[in-house]
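Here's a tour of one protein chain, taken a few residues at a time. Keep the 3D view open and find each spot as we get to it.

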Amino acid sequence: LLKPKIVILGAGYAGLMTLTRLQKAMNVDEAEIVLVNKHDYHYETTWLHHAAAGTLHHDRVRFDINNLIDRNKVTFIQGTVVEIDTEKNKVLFENDEISYDYLVVALGGESETYGIKGLKENSFAIVSVNAARKIRNHIEYQFATYHTEGKKNEEKLTIVVGGAGFTGMEFLGELTDRIPKLCRDYDIEENQVKIICVEAAAAPLTGFDKDLVKYAMAYLEGRGVQFKLNTRIKECQPNTIIVQSGEEEEVIKAGTIIWSAGVRGSSVIERSGFESKRGRVMVQPDLRAPGKDNVFIIGDCSIVVNKTDNSHYPPTAQIAMQQGMSCANNLIKLIRKKTDLEAFVPNIRGSVCSLGEKDAIGIVYGKKLVGSKALFMKKVIDNRALYMMGGASLVFKKGKLNLFS
Ligand code: FAD
Ligand code: NAD
C-alpha cells in the first residue's frame, strides 16, 4: 500500500518541531516523511547575534540535522527550494523536484530592506550562520587592519546598527562585550571605537515596557553605544550611511553597517503564487493556506492574527515552535482520516531581550525582570528550545549550562 508523503520545507524552529513530533507520534507504516533544508545543519536563529558579534563560535549555534532524525521514518534531503507548484503538488529545486501529498512550508524569514537605496549591497543582516560568520570576520578585519591603513581610515572603527528592535538591541549588547577584547587584540584604545544605533521610532523596542526600555538604553549607553532616535536610514553607500531626522540629513561614515530593521517572509512564498504580504501568508486557524487543504504554512512565513485586536502577532521562535506542534497534530489527524483539526492559538509567555553576557531585560508571565534574573530566564528559554527539538542530549551538547553567571 502506498503511504501518504509528508514533505517539510525548512529545518528551523517551526519545521523541526513539526518533524520531531511527527516522528514520535506516527508509525513507520503510516506516512513517508521527508525533511528538506538548505544546509545539513539547523541553526538557532535566536542565537545568531552571538555568532555575528563573535561572542559565541558559530558551531555553538548549529547542530547536525541527521542526529535528530529517526531514519526508519524520515528522509533528509539537503537542497534549496526555489518554488512550490501547488497545482501539481511538487516542490521545485534548481535542477530537481519532489512530489508531496501533504506539505509544510516552514522556510523562515529574510531581511527586508523596504527598497532603501544601496542597503542590500552595502550592509549586513543577521540572518544565517553564513551571514553571521561574515559579519564577525568583517568586524575583526576592520580592527586588524586599522593600524596598517593609516589615519584616513578612522571610520573603520565605526559600527552602525540600523534598527533598535529586539535583534538590534541584542546584537548591540553582544558588541559591547566583544569590543574590549578586539581592542586588546589589536592595540586599539576603546574610546576610538564608535557604535551608533539609528532608530526611526522615538525609542528602542517599540511597544515594550517603557521602564525596561529605559533601563536597556541606559545600560548600552553606559557601555559606549550612541543612540540616534527619531532617525531613519535613507540610503546606504559603501562605508557610508545617510540618515534623516526631521528635515535634517546626516552622512555617517562607517566601516561596518548592520541592517536589523526589518524582516519579511520567504521569497519562495512569493514565487509560488500564494496570496501573501511581504512573503507571508495569512493562514487559516488550522494553519493551512487558504484554498489549499494539503499545504500548511508555519513560522516566519505565516501571519497569525490576534483575535482580540485584529493585529498580527510578531514573527517569533516562540510562536513558530508552537505552530510546529499544532501543525504536526493536524497532520496526524488528516492522515488518520479525522476531520476535527485543531485551531492554533498562541500562548505568549513573554519576551526576554539579552544585553550581552552580563545583563538582560524581560517580561515573563507578566513579571518584569532585569539583570541576573532576566539572564537566567533567557538561558532557560534557549535551553528549552534545544530540549524540545533534540532532548536532553542536545541540551548537554549545545546548551547554555552556566545558568547563574
Ligand atoms: P527559521 O528558524 O529561520 O528556519 C528556517 C529554515 O529554513 C532555516 O533552516 C533555513 O536555512 C531554511 N531555508 C530557508 N530558505 C530555504 C530554501 N529556499 N530552501 C531550503 N531551506 C531553506 N524569537 C523569539 O521568540 N525569541 C528570541 O529570543 C528571538 N531572538 C532572535 C534573535 C535574532 C538575532 C533573530 C534574527 C531573530 C530572533 N527571534 C527570536 C525571531 C526568531 O528567530 C524567528 O521568528 C524564528 O527563527 C522563526 O522560525 P522559523 O522556523 O519560521 O524560521
Ligand atoms: P523589528 O521589526 O521588530 O524591529 C525593527 C526596528 O527597526 C524597529 O524598531 C523600527 O522602528 C526600526 N526601523 C525600521 N525602518 C527603519 C529605518 N529606515 N531606519 C531606522 N530604523 C528603522 O525587527 P527585529 O528586531 O529584527 O525583530 C524581528 C522579529 O523577531 C520580531 O518579531 C521580534 O520580536 C523577534 N525577535 C525577538 C527577540 C527576543 O525575543 N529576544 C530577539 C530578536 C528578534
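## Met389 and its neighbours

Let's start with Met389 in this predicted model. Which residues does Met389 touch, once we skip its neighbours within four places in sequence? The contacts are Leu16, Met17, Thr20, Leu68 and Leu394. Met389 itself sits in helix 9, which runs over residues 371-398.

Is Met389 buried or exposed? Count the other C-beta atoms within 10 Å and you get 23. The cut-off for buried is 20 or more, so Met389 is buried. Now look at Tyr13: along the chain, Met389 and Tyr13 are 376 residues apart, yet their C-alpha atoms are separated by 8.0 Å.

## Helix 1, wrapped up

Tyr13 brings us to helix 1, which covers residues 13-25. At 1.5 Å a residue, its 13 residues should span 18 Å, and the end C-alpha atoms are indeed 18 Å apart, so the two values agree.

How many of the 13 residues of helix 1 are buried? The count is 10, so helix 1 is largely enclosed by the rest of the structure. The buried ones are Tyr13, Ala14, Gly15, Leu16, Met17, Thr18, Leu19, Thr20, Leu22 and Gln23. Notice that Leu16, Met17 and Thr20 are also among the contacts of Met389.

## Helix 6 and its two sides

Next, jump to helix 6, residues 210-222. With 13 residues at 1.5 Å each, you'd expect a span of 18 Å, and the C-alpha atoms at its ends are 18 Å apart, which agrees.

Which residues of helix 6 are buried? They are Leu212, Ala216, Met217, Tyr219 and Leu220. These cover an arc of only 160° around the axis, which means that they lie on the same side of helix 6. Turn the helix around and the face pointing away from that buried side carries the exposed residues Lys210, Asp211, Ala218 and Gly222.

So what sits over the buried residues of helix 6? The cover includes helix 5 (166-185), along with strand 13 (225-228), strand 24 (350-354), strand 25 (360-364) and strand 26 (367-370).

## Two nonpolar cores

Here's a handy background idea: in soluble globular proteins, nonpolar side chains tend to be buried together. In this model, the largest nonpolar core has 57 residues, and the ones with the most contacts inside it are Val160, Leu172, Ala216 and Cys353. Helix 5 gives the largest share of this core, seven residues. A second, separate core holds 55 residues, including Met17, Ala106, Leu107 and Leu287.

Ala216 deserves another look, as one of the buried residues of helix 6. Leaving out its neighbours within four places in sequence, Ala216 is in contact with Met169, Pro204, Cys353, Leu355 and Ile361.

## Strand, helix, strand

Helix 6 is also part of a bigger pattern. Strand 12 (residues 194-198) pairs with strand 13 in the parallel sense, over four bridges. In this pairing, Ile196 stands opposite Gln226 in strand 13. To get from strand 12 to strand 13, the chain passes through helix 6, and this β-α-β crossover is right-handed.

## Backbone angles to look up

Most residues other than glycine have a negative phi, and most peptide bonds are trans. Just after helix 6, Gly224 takes a positive phi of about 100°. Arg278 is not a glycine, but has a positive phi of about 45°. You'll find Arg278 in the loop between helix 7 (267-271) and strand 19 (281-282). It has 17 C-beta neighbours inside 10 Å, so Arg278 counts as partly exposed.

Asn310 isn't a glycine either, and its phi is positive at about 65°. This residue is in the loop between strand 22 (305-306) and strand 23 (311-312). Because Asn310 has 7 C-beta neighbours inside 10 Å, it counts as exposed.

## Two last stops

Asn72 lies in the loop between strand 4 (62-64) and strand 5 (74-78). Asn72 is exposed, with 7 other C-beta atoms within 10 Å. Asn72 and Asn27 are 45 residues apart in sequence, and 9.7 Å apart from C-alpha to C-alpha.

Finally, Ile335 belongs to helix 8, residues 317-335. Ile335 is partly exposed, with 17 other C-beta atoms within 10 Å. Not counting residues up to four places away in sequence, Ile335 touches Pro4, Glu30 and Ala31.

Note on methods. Residues numbered from 1 in each chain as written. Chains lettered and ligands numbered in written order. Predicted model: local features only at pLDDT ≥ 70, side-chain atom pairs only at ≥ 80, totals over all residues. Helix = DSSP H or I, 4+ residues; strand = E, 2+ residues; numbered from the N terminus. Expected span 1.5 Å × (residues − 1). Buried ≥ 20, exposed ≤ 12 C-beta atoms within 10 Å, placed from the backbone. Arc of directions from axis to C-beta. Contact = placed C-beta atoms within 7 Å. Core = buried A, V, L, I, M, F, W, Y, C linked by C-beta atoms within 7 Å. Pairing = 2+ DSSP bridges. Right-handed = clockwise from strand over helix to strand, strands pointing away.
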